[in-house]
Amino acid sequence: MKNKFILIMVALIIAGSWQVSTVFGEKQDEAWFDFFKKDEEKVEQKHEEHKGLHKHEAWIKYKAKELGIEADGKDLHVLAKEVKEAKLLKKAEELGIETEGKDLANLAKEIHHKKVMKEAEKLGVDTEGKDSKQLAEEVMEVKLQKKAEELGIGTEGKEKEELLEEVKTAILENEAKAYNVDTDGKEEHEIVMEIHEAKIYEAAEKLGIDTEGKNPEDILNEIFNDYVGKAKELKVFPFEDNKDKFYLEHYMEDRD
C-alpha cells in the first residue's frame with residue numbers, strides 16, 4: 001500500500017503542474033514545485049512537507065546536478081528551493097524577462113503570462129485587452145477543442161468541463177490499452193498508478209536494469225541516479241515525450 005501511494009505521488013508530480021503551466025503541459029522538470037508549501041505556513045505542515053520531500057530525493061538531486069547546484073551536505077528542503085529558484089531564473093532568461101529586484105512569486109507570474117502570450121499567438125487567439133487569466137482560459141478552450149476533434153469526440157453543445165472530462169477519459173483509456181492495464185471497476189487514480197508502474201518497468205527493460213527484488217520506486221530512483229543520459233536518449237519514462245500531458249495533468253490534479 002505504501003509503495004502504491006508513493007507511485008501515485010510520483011505520477012502526480014511528474015505529470016505536470018497546472019499552477020506553473022496553465023495552458024501547456026510543462027516537462028516534468030518544473031512539475032514537482034507544486035509539492036512545496038508556502039514559507040508562511042505552519043511548522044507542522046512543514047514537517048509533513050519534509051517527509052514527502054524525501055520520497056523524491058533522487059529527482060531533486062538530479063535537477064540540482066543538471067543546473068550546476070552543489071548538493072553535498074545540504075538540507076533537502078534548502079536544495080529543493082535552490083533548484084526552484086534556479087529553474088525560474090533560467091526560464092526567465094530564456095524568455096527575455098528581466099529578473100533584477102523581482103521576488104520569485106512575481107517572477108513566476110510574469111513567466112506564466114509570457115508563455116500564455118506565446119501560446120495564444122501560436123494558436124491565433126486574439127490577446128488584445130485580455131488579462132492573463134482570461135487569455136489562459138481561451139487558449140485552453142482552443143487546445144481542448146482541437147484535442148477533442150483529434151480523438152473523435154463531439155464538441156457541440158458541451159460545456160468546457162464536460163468536454164475536458166471526456167478528453168481526459170479517452171486519453172487515459174488509450175494509455176491503459178497501450179500498456180495492457182485493465183480499467184474495469186477501477187478508480188481513475190488506480191489506473192494512472194498502474195500505467196506509470198508499467199512505464200517504469202518498460203523503461204527498466206529498455207535501459208537494461210535488473211528489476212529482480214526491486215519495487216517501482218527503487219527502479220525510478222535507479223533511473224535518476226544512474227541512467228539519466230540513456231533514459232533521455234531513449235525517451236523512456238520519466239523522460240518520455242507525452243503530447244497528452246497537458247490534459248492528463250488536469251485529470252490527476254482534479255483528484256489530488
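This briefing walks through the fold, two helix packings, one further helix and two loop lysines of the structure above. The model is predicted. Its protein chain holds eleven helices and zero strands, so it helps to begin with the helices themselves. Of the 256 residues in the chain, 43% count as buried.

**Overall picture**

- Following the sequence, you will meet the pattern α-α-α-α-α-α-α-α-α-α-α.
- Take the contacts in the protein chain between residues at least 6 apart in sequence: 48% of these join residues at least 24 apart.

**Helix H5 and its surroundings**

- H5 has 20 residues, which should span 28 Å at 1.5 Å a residue, and the distance of 28 Å between its end C-alpha atoms agrees with this.
- Which residues of H5 are buried? They are Leu107, Ile111, His112, Lys115, Val116, Glu119 and Ala120.
- The cover over these buried residues of H5 includes H4 and H6, and the next two groups take these helices in turn.

**H4 against H5**

- Helix H4 covers residues 76–94, and its axis comes within 10 Å of the axis of H5, with a crossing angle of roughly 40 degrees.
- H4 and H5 are therefore oblique to each other, since an angle from 35 up to 65 degrees is neither roughly parallel nor roughly perpendicular.
- The crossing of H4 past H5 is left-handed.
- On the H4 side, Glu85, Leu88, Leu89, Lys91 and Ala92 make the contact, and H5 contributes Leu104, Leu107, Ala108 and Ile111.
- Sorted by class, this contact of H4 with H5 has seven nonpolar residues, two charged ones and no polar ones.
- Two of the H5 residues named here, Leu107 and Ile111, also belong to the buried set of H5.

**H5 against H6**

- Helix H5 (residues 104–123) packs with helix H6 (residues 132–150) at an angle of about 45 degrees, and their axes are 10 Å apart.
- H5 and H6 are therefore oblique to each other.
- Their crossing is left-handed.
- H5 brings His112, His113, Val116, Met117, Glu119, Ala120 and Leu123 to the contact, while H6 brings Ser132, Leu135, Ala136, Val139, Val142, Lys143 and Lys146.
- By class, the contact of H5 with H6 is made up of eight nonpolar, three polar and three charged residues.
- His112, Val116, Glu119 and Ala120 are among the H5 residues that take part in this contact and are buried as well.

**Helix H7 and what follows**

- H7 runs over residues 160–178, and its 19 residues reach 27 Å from the first C-alpha to the last, close to the 27 Å expected at 1.5 Å a residue.
- Its buried residues are Leu163, Leu164, Val167, Lys168, Ala170, Ile171, Leu172, Glu175 and Ala176.
- Just after H7, look for Asn180, which takes a positive phi of about 55 degrees.

**Two loop lysines**

- Lys74 sits in the loop between helix H3 (57–66) and H4.
- Is Lys74 buried or partly exposed? With a relative accessible area of 32%, Lys74 is partly exposed, because buried means under 20% and exposed over 50%.
- Leaving aside residues up to four places away in sequence, Lys74 touches Ile69, Leu79 and Glu82.
- Lys186 belongs to the loop between H7 and helix H8 (188–207).
- Lys186 counts as partly exposed, at 25% relative accessibility.
- What does Lys186 touch, not counting residues up to four places away in sequence? Its partners are Ile191 and Glu194.

Note on methods. Residues numbered from 1 in each chain as written. Predicted model: local features only at pLDDT ≥ 70, side-chain atom pairs only at ≥ 80, totals over all residues. Heavy atoms only, no water. Helix = DSSP H or I, 4+ residues; strand = E, 2+ residues; numbered from the N terminus. Expected span 1.5 Å × (residues − 1). Buried < 20%, exposed > 50% of the residue type's maximum accessible area, 1.4 Å probe, protein only. Axes fitted to C-alpha atoms, helices over the stretch in contact; angles between N-to-C directions. Parallel < 35°, antiparallel > 145°, perpendicular 65-115°, else oblique. Left-handed = near helix turned anticlockwise from the far one by under 90°. Contact = heavy atoms within 4.5 Å. Nonpolar A, V, L, I, M, F, W, Y, C, P; charged D, E, K, R; others polar.
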